[in-house]
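Please open the model in a viewer and keep the sequence panel visible. The tour below proceeds by selection, from single residues to the whole chain.

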Amino acid sequence: MSSSARPTAVRHQILATATIVAFLMYLDRICLADIIGSSSFKQEIQLNANQSDWVKLVFFWAYALFQVPAGWLSDRFSSRMLITIYIATWSVFTAVTSFATGFWTLLLARLFCGLAEAGYYPAGSSLVTRWAHVGARGFASSAISWGGRVGGAVAPGLTASVIIMSGNWRYAGWLYGGAGILVAWWYWRVFRDHPREHPGCNAAEINLLAEGRGDFQPAKNPPKRFPLAAACRSVNLWNANAVQFFTNIGWAFLILYLSDYLKVVMHVAEKDASWITTGALSIGILALPLGGTLTDALSRRLGKRLGRMLPMSVTKFAAAACYPLALWTDSPWGMAFAFGLVTFFADFGLPAMWTTMQDISGKHQAQLFGWSNMWGNVGAGLMTLMFRHVVNLFDTNHDYHEGVWMCAGAFVLAGVFALFVNAEKPVIRESA
């Protein structure tokens, strides 16, 4: 075969760029907990526990509620244009966070940051269906998720270091916001909505990406409305929604309260708590490529139903079991490892969840992904209220244990609902 017949590697550049965007998105999302928990912030702005919770949860509510509109926009219009706008907008409001003077300005900055970030994963899911081979969707999904998890893992330690070195909490938001504007420019430069529209793709790469798809052309008649009736009728989709809802309740403790738990309950120093949190979240990074590879391999051997369902379900039960292990550990780095196992198992099943949504969504890819992801982030938004309520009601010795048990129970429920998700059953059956 001549070199001219070899597929070009534009798909790898696209996937790498999408992964970098996910890294930035989670960096901007998770840095807030360490910003408002820093001594520098507390010296300037005093938030009570209720205000702190609202600042954390308003992001998730905005993120959740804009999932479906963002998915519709992504299916209807150019993902390249929209994602560039999303990146630039959330980066601007991450920088605006560092101009906050009190509760209301901080709340509004996080509200608009959540609205802007809402569009990326629905559009990113649609991107995977066009720019990854059908037999490697699990790995491609895991790569983008991996970028997000790396950003989330780096965020606590990096944010604490920026604040400590600069002596001012405001520099973290300014730094991340400026970096985001550069990433938005790079995304516009390298991305195209479809391989046939990319000047760098040769025929061999287009043919490779077209394998197993039938007609592989840019969408001529994108869906004009969200298929609400079909989404509401699909028990299969509701099971997938429930998996995301309860998974996010279980997982959100790690990004919203783990640092507080280490500092308030375990009396760990501020910088050490941030790096322990980073260590715990870093362990989960290893899970994503493994989970993506496993779900692809199992799907080839056992079919999509079991190939997606087994990793999605079993990992949730394992994550639930690791929470008690973390509570029974006194060593700081032992806790990092135990909480890291929670992250590992939660993330191991994530590629199976993403690819299931790609398998069952058809031409309404971004919209139905956004619909399901919306319910997941409703769970994350409710978690802050539920956690505070459980702790106030039952945690008489202020050790957070009752709240952590609640999160473990949420993982168990996610595992149960995952047993009934069928990746071979589409939400809307396309006419022949």
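Is His-267 buried or exposed? Select His-267: with a relative accessible area of 65%, this residue is exposed, where exposed means over 50% relative accessible area, buried under 20%, and partly exposed in between (1.4 Å probe, protein chains only). This is a predicted model, in which local features need pLDDT of at least 70 and side-chain atom pairs count only at pLDDT 80 or more, while totals for chains, interfaces and linings use all residues. Residues are numbered from 1 along each chain as its sequence is written, and side-chain values use heavy atoms, with hydrogens and water left out.

**Two histidines in loops**

His-267 sits in the loop between α13 (258-265) and α14 (270-285); helices (H or I, at least four residues) and strands (E, at least two) are DSSP runs, numbered from the N terminus. Although His-267 is not a glycine, its phi is positive, at about 60 degrees. Move next to His-398, in the loop between α19 and α20 (401-418). His-398 is likewise a non-glycine residue with a positive phi of about 60 degrees, and its relative accessibility of 59% places it in the exposed class.

**Helix α19**

Select Asn-377 in helix α19 (residues 365-394). Asn-377 is buried, at a relative accessible area of 4%. A polar atom of its side chain lies 2.9 Å from the backbone oxygen of Asn-373. Leaving aside residues up to four places away in sequence, Asn-377 touches Phe-60, Tyr-63, Ala-64 and Asn-248, contact meaning heavy atoms within 4.5 Å.

**Salt bridges**

The structure holds eight salt bridges, each defined as a side-chain nitrogen of Lys or Arg within 4 Å of a carboxyl oxygen of Asp or Glu. Remaining on α19, display Arg-388 with Asp-53: their side chains form a salt bridge at 2.7 Å, N to O. Asp-53 belongs to helix α3 (residues 49-65), and the two partners are 335 residues apart. Asp-53 is buried at 4% relative accessibility, whereas Arg-388 is partly exposed at 23%.

Select Arg-308 and Asp-359, whose side chains also meet in a salt bridge (2.9 Å, N to O). Arg-308 lies in helix α16 (residues 304-327) and Asp-359 in helix α18 (residues 350-361), so the pair ties together parts 51 residues apart in sequence. Both Arg-308 and Asp-359 are buried. Add Asp-296 and Lys-304 to the selection to display the network of salt bridges that links these four residues.

Then display Glu-44 and Arg-170, a salt bridge with its closest N and O atoms 2.9 Å apart. Glu-44 in helix α2 (residues 39-44) and Arg-170 in helix α9 are 126 residues apart. Arg-170 counts as buried at 13% relative accessibility, Glu-44 as partly exposed at 41%.

**A nonpolar surface patch**

Which residues form the nonpolar patch on the surface? Select Val-92, Val-96, Phe-99, Tyr-171, Trp-174 and Ile-181, which together have about 540 Å² of accessible area. Patches are made of residues with over 30% relative accessible area and no salt bridge, like charges being joined within 9 Å and nonpolar side chains (Val, Leu, Ile, Met, Phe, Trp, Tyr) within 5 Å. Helices α5 (79-97) and α9 (170-190) each give two or more residues, and the largest share, three residues, comes from α9.

**The whole chain**

Finally, select the entire chain, which has 20 helices and zero strands. Buried residues make up 62% of its 432 residues.

Methods: Accessible areas come from the Shrake-Rupley method with a 1.4 Å probe; for residues, only the protein chains shown count as cover. A polar contact is a pair of N or O atoms within 3.5 Å; within protein, one must be able to donate a hydrogen and the other to accept it, and residues adjacent in sequence count only if both atoms are side-chain atoms.
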